[in-house]
Every structure is written in structure tokens, then in C-alpha cells.
Amino acid sequence: MVSGWVGNDGIIRLTKDGMNAETPIHEYTHLWSEALQMNNPELWAQIKGLLKGTPEWQRVMGMKEYSNLKDEDRLAGEVLAHISGKKNAGRMEAEAKRMIDGAKTFEDAAKAASLLGRMRGALKKFWTWVGKTLLGKKGNINIDRVSNMVLADLVNSVDPFNPRGGKRTNRTNRTDASIESEMERIKREAQADGTFMKAPNGNPTNLNERQWLQVRTQAFKAWFGDWELKHKHVSVVPAEKEHGFANFAEAKKWAKQNVVGSVEQPEIGEVNISGTAIDKYLSQKAVEKSYSINVHLSALREMPKIITQSIVGEIHNDRKEDEHLKDIVLLYSAIEIDGKVYRVKTTVKRYNDSRTKTKAYSYEVTEIELLDVEHGNEITHSPNSSNNSISAAKLLQNIGRSYAKGKLILDDHSKVVDGNGEPRVFTHETNNY
């Protein structure tokens, strides 16, 4: 038995310490199957049709952990995972040949050969699509070529969902060592504030210690979705209504003397506020996106606090595919001016080169809009801050994801979290042939 996570799409992914060479193929096949369903449903339907009724289809259906699995797409993904990998493919071939050799009639032998051909055909179609579309490989694609690539991909968290015209993209660009370091930091901070091994609702967690730490890493949340986000509270930054700037030139001069520099954002680390960022913040395009000029200028005076007291709402790849960029981070925070609360969005660039500082930037720079909250009901006193706070659920309510039409930042994880609100752990039986 190995432990696994069920993502918000309902598909089981495996995780296992001390993985062997076959484990990545099994795991990635689940992910690639979903990618194929999303990107080429017609081809997926063909592959599913080839797999249905084969011995492997019947074998998987008969396994205890899949006895209640009614979704044919998920079942087909499991079948593919069970016949993928060098050893699994060899086992499939051997079993099919035994069926042919043991057939009592010509018709039985022909049927067995046909079933073997269908499984071969499904694998060929699947791996050809994976190789060409997701891995950018040309020529004959087979399991041997793919097997040599996926172990490194799994360790480095390469995104299997983003074809990008055949270009593979690294979702997190993080090593195992950096993830272990992050988990150590999460543990220290949780022990210090009394939340270690507790669920967001304050109850004891249902997870073991390693699982509790893993589900709180950026790498896990990048894949599963930030299940913790809606449980967070954000300190509301107080700002003066009277900003004191006579004009934009005066505001720009003041900001370059008092705001430019580096600040620490708790989740992503150091963020650099440059003079260029100030210029963009005070551009006509940026101001037009704010609630009003005066609100925009009042927020300028509190820009460092706005970043340090923000939360990460979304992390996504650069749409222009700049090879120097690691990813784009959207930070959300709240400010209170004259009794009214406003949402602030700051866009940040992170670079692959560790020597290049993370920069606050945006053509929109910061987007400010009045939040529909009643001060007495939605704003609460934060136990960790002298400021008032607002729930992330309210702050991010109805905010859409970038480049994902119809999807919201606050994913609905209700079907894949336990009663405490944490990701559920499923056991998944496999021999990892």
C-alpha cells in the first residue's frame, strides 16, 4: 500500500518515498491522461474505446479499490497507468501471449490477439500524443524514450498539464532539498504559534506529520490548489485619507525617496520595489484601474506594508513564455481609508536566475476597488496583529483566475478535503510491477 492524494479533479495520484523507476510512469500517466482529456477529447475517446473490454480493463475493475469506480474516464486512466512502464508493458504482453497460446479454438486465439492489438494501439496513441505534445519529442515515441525522462521531471515538478506547443515548463523549479527546507520552516513557525498538527478549524489533524507539512508546501498547492487560502485572515493596512500630495510629480519624488527598496513578503520572500515600479504605479493606465485617484495616492504611502501584509492569491506561468521568468505571483491585501476597506492587487515577477531580485511590477501595477463589507461584521480583530483583519474568503470572493475563464482563485475543494478542511489521504494498492 502506498499513500496518495486525490486532486480537485478527482483523479488519484500516488506519492511514495524511495520511488523506483516505474513509479514516475504510473504517477505521470494519471496526470497525462487528464491532460489528454482536456486537450484532445476525441483522441481520448478513441483510446478509451480501445481499452474497454480488454483483460486489463476487467482486471482493474475487479480490484477492490476500484470496485465502486463508475467514471469510465477515471477507470481508463487507471488502466493506462497499470499497463504503462517497461515492466508493466512486458507483463501485459506476456499475459496476452499466454491467452493466445492457451486458446482452445482459433476464434479464442483470434480474440486474444485482437485484445492485445487494441491495448497496443491504445498505448501507441497515448504515448505518441504525450511525447509529441507534452514532451516535445519527434519521431517514433515509445515507453522506453519516455521512461528515461519522467523521473527527473517528477522530482523537478515539471508541469504535465501545459502543452505550450510541445515545450515543457517547470511549475516550481524547486529541488527536493528546498522543499524539505520549506517543510522545516513551516514546522518551526507552526510550533511557535501553536498551530502545529492542527487543522484550520483548530481540531487535531487527521494527517501524519509528514503529510501535514507536505500539503502546506507551495509545490503541493501549485498542483492541488491552495486549499488553505480561504481559511486565512489578512491584516487590514490603515491609510490616511489625506495623502498630502499636491500632484503626481510630488508623489513620484516622495515614493522614490521613501518607498523604493526591498520588503519581505511572508510567503515568497524578498520583493524589490523599483523606481520603474513607482513610475508604472503612477501611470495613467494604473490610476484608471483604481477606485479613485485619491485612494490610489493614499495607498502609495503604504505600499511596503501592503506587500508585507499580503497573501498569495495565485501563481501562474508567464503568458509570453519569457525563459528568464520563473513565474508570476499575484498578491492580495486590504487597506482601510476613512472607514472603507479596499482590495489591493500587486503583481510580482519571480526570475529563474537567483541573482535577479523578485520584482513588484505590472501594467496594472496595483488594482484597488472598494470591498462590499460592513465594518462590524466582516472586519475582525487579528490575534497576531494590532491591525484589524479580513478573511481571505471575503477578500478574494469572486476573483477569477488568470487565463482560466470561469474559474475562481478560491477553488471548491469540498469534495476532496476531510471534515477538518484538509486534503484527504487515500490508500491506493499497487504492486508497482
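Here is a quick briefing on the fold, the strand pairings and a handful of individual residues in this chain.

The model is a predicted one. The chain has 433 residues, and 48% of them count as buried. Along the chain you'll find 17 helices and 15 strands. Much of what follows centres on strands S9 and S10, which are joined by 12 bridges and run antiparallel.

**The chain as a whole**

- The accessible surface of the chain adds up to about 21,500 Å². Carbon and sulfur atoms account for 47% of that surface.
- Take the contacts in the chain with a separation of 6 or more: 63% of them are between residues 24 or more positions apart.
- The structure holds three aromatic pairs. In general, a pair of aromatic rings is described by how far apart the centres are and by the angle of the planes.

**The S9, S10 and S11 strands**

- Strand S9 covers 325–337 and strand S10 covers 340–351. If you want a way to line the two up, look at Ser 333, whose bridge partner in S10 is Val 344.
- S9 and S10 make a hairpin with two residues between the strands.
- How much of S10 is covered? S10 is mostly covered, with nine of its 12 residues buried.
- S10 also pairs with strand S11 (residues 359–360) through two bridges, and these strands run antiparallel. Here Lys 349 has Lys 359 in S11 as its bridge partner.

**Asp 327, inside S9**

- Asp 327 is in strand S9. Its relative accessible area is 2%, so Asp 327 counts as buried, the cut-off being under 20%.
- What does the side chain of Asp 327 touch? There is a polar contact of 2.9 Å between the side chains of Asp 327 and Arg 350.

**The small hairpin of S6 and S7**

- Strand S6 (residues 261–265) and strand S7 (residues 269–273) run antiparallel and are joined by five bridges.
- Three residues lie between S6 and S7 in their hairpin.
- To find the register, start from Gln 265, which stands opposite Gly 269 in S7.

**Positive phi outside glycine**

- As background, most residues other than glycine have a negative phi. Two residues here go the other way.
- Asp 338 is not a glycine, yet its phi is positive at about 55°. Asp 338 sits in the loop between S9 and S10. Its relative accessible area is 55%, so Asp 338 counts as exposed, for which the cut-off is over 50%.
- Asn 398, also not a glycine, has a positive phi of about 65°. Asn 398 is found in the loop between helix H17 (392–395) and strand S15 (425–428). Is Asn 398 buried or exposed? With a relative accessibility of 61%, Asn 398 counts as exposed.

**Asp 418, in the loop between H17 and S15**

- The loop between H17 and S15 also holds Asp 418. At 16% relative accessibility, Asp 418 counts as buried.
- A polar atom of the Asp 418 side chain lies 2.9 Å from the backbone nitrogen of Asn 420.
- Which residues does Asp 418 contact, setting aside its neighbours within four places in sequence? The list is Asn 206, Pro 423 and Arg 424.

**Asp 372, in the loop between S12 and H16**

- Asp 372 is in the loop between strand S12 (366–370) and helix H16 (375–378). Its relative accessible area is 67%, so Asp 372 counts as exposed.
- Asp 372 and Tyr 342 are 30 residues apart along the chain, and their C-alpha atoms are separated by 8.7 Å.

**Arginines over tryptophan rings**

- Arg 216 has its charged end over the ring of Trp 212, at 3.8 Å from the ring's centre.
- Arg 301 lies over the face of Trp 254, and here the distance from the ring centre is 4.6 Å.

Terms used
Residues are numbered from 1 along each chain as its sequence is written. This is a predicted model: local features need pLDDT of at least 70, side-chain atom pairs count only at pLDDT 80 or more; totals for chains, interfaces and linings use all residues. Side-chain values use heavy atoms; hydrogens and water are left out. Rings of Phe, Tyr and Trp (its six-membered ring) pair if their centres lie within 6.5 Å; planes under 30 degrees apart count as stacked, over 60 as edge-to-face and the rest as tilted. A charge sits over a ring if NZ of Lys or CZ of Arg is within 6 Å of the ring centre and within 35 degrees of the ring normal. Helices (H or I, at least four residues) and strands (E, at least two) are DSSP runs, numbered from the N terminus. Buried means under 20% relative accessible area, exposed over 50%, partly exposed in between (1.4 Å probe, protein chains only). Two strands pair if DSSP finds at least two bridges between them. A polar contact is a pair of N or O atoms within 3.5 Å; within protein, one must be able to donate a hydrogen and the other to accept it, and residues adjacent in sequence count only if both atoms are side-chain atoms. Contact means heavy atoms within 4.5 Å. Accessible areas come from the Shrake-Rupley method with a 1.4 Å probe; for residues, only the protein chains shown count as cover.
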